[in-house]
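Biologist: Please take a close look at one part of this model, the salt bridges, and then work outward to whatever surrounds them. I would like one connected account rather than a list.

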Amino acid sequence: MDDAYARLIQNVSSVSQSAETTPAFAGSVNGRQPYPLDQWNPTNCGFVDIAIDREGRWFHEGSEIKRQELVSLFAGLLRREEDGCYYLVTPVEKVEVDVALHPLMVVDASPMVTEGQPVLALVLNTGGVFQLSNDTGLNPEHRASGAAYVKLPHGLSALFTRAAWYRLVELADENGDIVSAGERFSLLANN
């Protein structure tokens with residue numbers, strides 16, 4: 001393990017200890033209480049050899065990070081900054097990571113009813129759940145065969161997996177629209 005990665009793991013461990021007892025939290029990328037990333041502004045400590053491929057898999061020094069708990073924890077510390085780069089941020093350090101396309105993946109889309117109106121719950125590969133709404137949007141991703149992605153907090157985004165996209169298509173009405181949170185989203189605009 002290189003020093004930067006070891007330091008990152010140590011800092012992540014101290015941050016996560018307080019979050020271990022929190023209940024599942026909708027509206028965060030990992031289902032936990034979101035970290036106050038907007039309040040953490042440490043200096044940039046450089047680049048750590050962590051990469052996220054086009055399928056949302058995380059790698060360290062070319063080897064896939066198989067522990068889902070670690071991937072989920074890292075996802076909660078990820079943000080995209082104005083320079084267009086992605087960083088893992090703790091209260092004491094910030095390291096840049098490489099992202100091939102989108103850092104997160106939508107792995108399922110589940111219809112629900114909230115406060116009497118239909119809502120589509122988007123389940124992320126890192127354990128988070130978001131509602132399809134004007135905040136997330138449904139944006140075409142031409143680099144992924146016309147699938148779509150949604151916008152998330154801290155400059156992040158999540159691309160629909162093929163299975164989740166097909167699920168969305170099955171849920172669409174005859175006009176190719178999905179209704180969620182009082183808004184109408186067209187799947188046809190993504191082609």
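**Salt bridges and their surroundings**

Modeller: Arg 167 and Asp 108 form a salt bridge, with 3.4 Å between the closest N and O atoms. This pair links distant parts of the chain, since Arg 167 lies in helix H3 and Asp 108 in strand E7 (residues 104–114), 59 residues apart. The model is a predicted one. Arg 167 has a relative accessible area of 28% and is therefore partly exposed. Asp 108 also has a relative accessibility of 28%, so Asp 108 counts as partly exposed. In general, side chains of opposite charge can pair when their charged atoms come close.

The structure holds 10 salt bridges. One of them joins Glu 141 to Arg 143, where the closest N and O atoms are 2.9 Å apart. The two partners sit in contrasting surroundings. Glu 141 counts as buried because its relative accessibility is 5%, and buried means under 20%. Arg 143 has a relative accessible area of 52%, so Arg 143 is exposed, the cut-off being over 50%.

Another salt bridge brings together the side chains of Arg 57 and Glu 55, at 3.6 Å from N to O. Arg 57 is partly exposed, at 37% relative accessibility. Both residues belong to a network of salt bridges that links Asp 53, Glu 55 and Arg 57.

Helix H3, which holds Arg 167, leads on to the largest pocket. H3 spans residues 162–171, and H3 and strand E12 (157–160) are the elements that give two or more residues to the lining of this pocket. The largest share, 3 residues, comes from H3. The space in the largest pocket is about 320 Å³. Its lining has 13 residues, and those closest to the centre are Ala 144, Ala 147, Phe 160, Thr 161 and Arg 162. By class, the lining divides into 8 nonpolar, 2 polar and 3 charged residues.

Strand E12 also bounds a loop of interest: His 154 is found between strand E11 (147–151) and E12. His 154 has a positive phi of about 65 degrees, although it is not a glycine. Most residues other than glycine have a negative phi. With a relative accessible area of 31%, His 154 is partly exposed. A comparable case is Ala 181, with phi near 55 degrees, again a positive value in a residue other than glycine. Ala 181 is in the loop between strand E13 (177–180) and strand E14 (183–186), and at 23% relative accessibility it counts as partly exposed.

His 154 leads to the second largest pocket. This pocket has 16 lining residues, and Ser 28, Val 29, Pro 34, Gly 76 and His 154 lie nearest its centre. About 160 Å³ of space lies in it. Its lining is made up of 9 nonpolar, 6 polar and 1 charged residues.

Gly 76, in turn, belongs to helix H2, where Leu 70, Val 71, Ser 72, Leu 73, Phe 74, Ala 75 and Gly 76 are buried. H2 (residues 68–76) is largely enclosed by the rest of the structure, because 7 of its 9 residues are buried.

That leaves the sheet. Its 6 strands are arranged in the order E3-E2-E1-E6-E5-E4, forming an open sheet with mixed pairing. Strand E3 (63–64) and strand E4 (78–80) are the edge strands, each pairing on one side only. Strand E1 (residues 44–52) pairs with strand E6 (residues 94–99) in the parallel sense, over 4 bridges. Phe 47 stands opposite Glu 96 in E6.

Key. Residues numbered from 1 in each chain as written. Predicted model: local features only at pLDDT ≥ 70, side-chain atom pairs only at ≥ 80, totals over all residues. Heavy atoms only, no water. 1 Å grid on protein atoms, 1.4 Å probe; cavity = no way out; pocket = protein on both sides within 12 Å on 5 of 7 lines; lining within 4 Å. Points joined across faces, edges and corners; volume = space filled by probe spheres on them. Nonpolar A, V, L, I, M, F, W, Y, C, P; charged D, E, K, R; others polar. Pairing = 2+ DSSP bridges. Buried < 20%, exposed > 50% of the residue type's maximum accessible area, 1.4 Å probe, protein only. Salt bridge = Lys/Arg side-chain N within 4 Å of Asp/Glu carboxyl O.
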